[in-house]
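Okay, everyone, thanks for coming. Let me put the structure up, and then we'll walk through a few parts of it together.

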Amino acid sequence: MAKITYITSDAKVHEIEVQNGLTVMEGAIQNNIPGIDADCGGGMACATCHVYVQDDWYDKLSAKEDGEEDMLDMAFEPKKNSRLSCQLIVSDELDGLVVNIPSKQS
Amino acid sequence: MIKTDALIIGAGPTGLFTAHQIKLIGLDCEIVDNLDKVGGQCIELYPDKPIYDIPAVPECTGEELTKNLIDQLKPFDIKFHLSERVEEVKKDNVNWIVKTNNGKIFSTPNVIIAGGVGSFEPRKFSAKECEKFENKSVFYSVKDKKIFEGKTVAIFGGGDSALDWAVELSKNSKVNLIHRREEFRGAQATVNKMHALAKEGKINLFTKYQMTSVHGNGQLESIDIKNDNDEVKNIKADYALGFFGLIMQLGPIANWGLNLDKKTIEVDTEKFETNQKGIYAVGDICTYPGKLKLILSGFHEGALAARACFKLARPNEKYRFEFTTTSSNLLKRLGKKE
């Protein structure tokens with residue numbers, strides 16, 4: 001289990017206990033956190049589960065796989081700390097992770 | 001007005017196999033898709049990515065799967081209406097009247113929505129002001145490249161479309177190519193060509209920059225771009241072209257009076273029928289308890305919806321279940337028997 005904090009673009013804070021093994025995207029979808037669409041269902045094929053990872057966390061996450069940066073090219077307002085939340089797999093190490101959800105996914 | 005036993009919306013894997021099932025049981029059908037090609041997400045999102053969970057197909061790419069499904073439809077004569085988006089579905093006494101954005105009208109007792117996550121639309125610039133210039137000086141595809149001759153064009157994106165058009169338009173226009181990072185994901189040969197043209201001064205390359213706003217009075221005049229360090233540059237531009245791929249939008253489906261759950265359509269698990277009689281939803285777009293968004297589930301859902309169509313299309317006939325291995329009716333339809 002890890003506590004993941006999702007901050008939506010209206011500054012609402014959603015603190016969710018997410019099971020290990022799920023992705024940060026699935027944690028949001030299963031708990032009805034608005035702002036993450038995940039159209040392709042976690043296939044790294046649509047860039048609609050885009051989040052901004054808070055800076056102190058960005059370097060601690062697993063490196064991007066081939067293709068994630070390509071998909072981020074298509075995301076809505078990508079930044080240096082952008083990730084696709086379907087590629088972030090929850091584990092104890094992610095306890096306390098904070099992600100900001102962009103105002104739109106497309 | 002085109003009359004058919006069943007109209008399928010969406011030419012992805014589920015729509016294609018549903019068409020197979022409809023034709024196999026002796027009904028006719030037509031397929032509409034907003035994309036200009038058959039295959040849906042398989043072709044648009046992951047043509048080269050291998051899929052490992054199609055029953056009896058250990059491994060195939062989205063493109064191969066699509067090709068095989070099209071091959072499987074060969075015995076049948078199926079009319080495809082590509083680059084057509086269904087806008088309206090309305091009931092007229094018995095039949096559903098379906099209208100597309102290009103004015104095609106269908107009359108059918110059965111509408112099967114196999115629409116994935118909706119229709120593919122180009123992703124747009126995030127700067128709100130771009131809307132004012134859309135289709136005048138801001139475009140997401142090129143229809144007539146002549147309009148750019150002698151003009152200054154700002155091209156945004158890092159894939160093949162952005163690179164191909166940057167190379168092509170640099171022959172007769174002043175081209176600025178803007179991309180959010182230094183790496184491009186297009187074909188290496190085109191990337192090299194673009195860099196060579198940049199070296200010659202034929203393309204102005206701005207990497208690590210993104211659009212922040214656009215300016216102009218009626219016609220686009222300039223664009224503000226910003227890099228990771230918040231440095232803003234203003235570049236002159238008569239036209240802006242954005243190539244950020246496609247996004248799926250539920251679009252007009254939301255207005256057809258169907259019970260929705262988020263972006264999916266609620267169906268029963270007997271006929272995969274929606275709350276409207278004669279409208280079915282299959283594949284990723286439908287939802288029911290236990291729904292799995294797998295291609296194999298779409299095949300099953302399409303097969304059952306096809307049988308349900310029979311009743312409305314042939315109210316005076318009785319549907320009889322038959323196997324392709326033994327039924328001479330089915331073998332005739334498949335072209336395997338005289």
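Let's jump straight in at helix α5 of chain B: its buried residues pack against strands β13 (152-156), β14 (174-179), β15 (203-207) and β19 (239-242), and against helix α6, in chain B too. Before I go on, please keep in mind that this is a predicted model.

So which residues of α5(B) are buried? They are Ser161(B), Ala162(B), Leu163(B), Trp165(B), Ala166(B), Val167(B) and Leu169(B). In other words, seven of the ten residues in this helix are buried, and α5(B) is mostly covered.

Now stay with α5 and look at its partner α6. When we talk about two packed helices, we describe them by the angle between their axes and the distance between the axes. Here, helix α5 (residues 160-169) and helix α6 (residues 188-199) of chain B have axes that come within 10 Å and cross at roughly 40°. That angle is over 35 degrees and under 65, so α5(B) and α6(B) count as oblique to each other. The crossing of α5(B) past α6(B) is left-handed.

Who actually makes that contact? From α5(B) we have Asp160(B), Leu163(B), Asp164(B), Ala166(B) and Val167(B), and from α6(B) there are Thr190(B), Val191(B), Lys193(B), Met194(B) and Leu197(B). Sort them by class and you get six nonpolar, one polar and three charged residues.

Okay, another helix pair, again in chain B. Helix α1 (residues 13-24) and helix α3 (residues 62-72) of chain B have axes that come within 9 Å and cross at roughly 15°. Because that is under 35 degrees, α1(B) is roughly parallel to α3(B). The crossing of α1(B) and α3(B) is left-handed. On the α1(B) side you'll find Pro13(B), Leu16(B), Phe17(B) and His20(B), and they meet Leu65(B), Thr66(B), Leu69(B), Ile70(B) and Gln72(B) of α3(B). By class, this contact has six nonpolar, three polar and no charged residues.

Let's zoom out to the whole of chain B. How many helices and strands does chain B have? Eight helices and 24 strands. The C-alpha atoms fill a box of roughly 70 × 45 × 40 Å along the principal axes. Chain B has 338 residues, and 41% of them count as buried. If you take the contacts in chain B with a separation of 6 or more, 59% of them come from residues 24 or more positions apart.

The domain assignment splits chain B into domain 1 (2-121 + 247-333) and domain 2 (124-244). Between the C-alpha centres of domain 1 and domain 2 of chain B there are 38 Å.

Over to chain A, and one residue there: Val99(A), which is in strand β5 (residues 98-100) of chain A. Is Val99(A) buried or exposed? It has 23 other C-beta atoms within 10 Å, and the cut-off for buried is 20 or more, so Val99(A) is buried. Leaving out residues up to four places away in sequence, Val99(A) touches Tyr6(A), Val24(A), Val51(A), Tyr52(A), Val53(A) and Ser85(A). As for Glu65(A), it is 34 residues from Val99(A) in sequence, and in space the two are 19 Å apart, C-alpha to C-alpha.

Last stop, where the chains touch. The contact takes 14 residues from chain A and 16 residues from chain B. On the chain A side, those residues divide into six nonpolar, three polar and five charged.

That's my tour, thanks for listening!

Methods:
Residues are numbered from 1 along each chain as its sequence is written. Chains are lettered from A and ligands numbered from 1 in the order in which they are written. This is a predicted model: local features need pLDDT of at least 70, side-chain atom pairs count only at pLDDT 80 or more; totals for chains, interfaces and linings use all residues. Two residues are in contact if their C-beta atoms, placed from the backbone, lie within 7 Å. Ala, Val, Leu, Ile, Met, Phe, Trp, Tyr, Cys and Pro count as nonpolar, Asp, Glu, Lys and Arg as charged, and the others, Gly among them, as polar. Domain bounds come from an automatic or database domain assignment. Axes are lines fitted to C-alpha atoms, for helices over the stretch in contact, and angles run from 0 to 180 degrees between N-to-C directions. Helices (H or I, at least four residues) and strands (E, at least two) are DSSP runs, numbered from the N terminus. Angles under 35 degrees count as roughly parallel, over 145 as roughly antiparallel, 65 to 115 as roughly perpendicular and the rest as oblique. A crossing is left-handed if the near helix is turned anticlockwise from the far one by less than a right angle, and right-handed if clockwise. A residue is buried if 20 or more other C-beta atoms lie within 10 Å of its own, exposed if 12 or fewer, and partly exposed in between; C-beta atoms are placed from the backbone.
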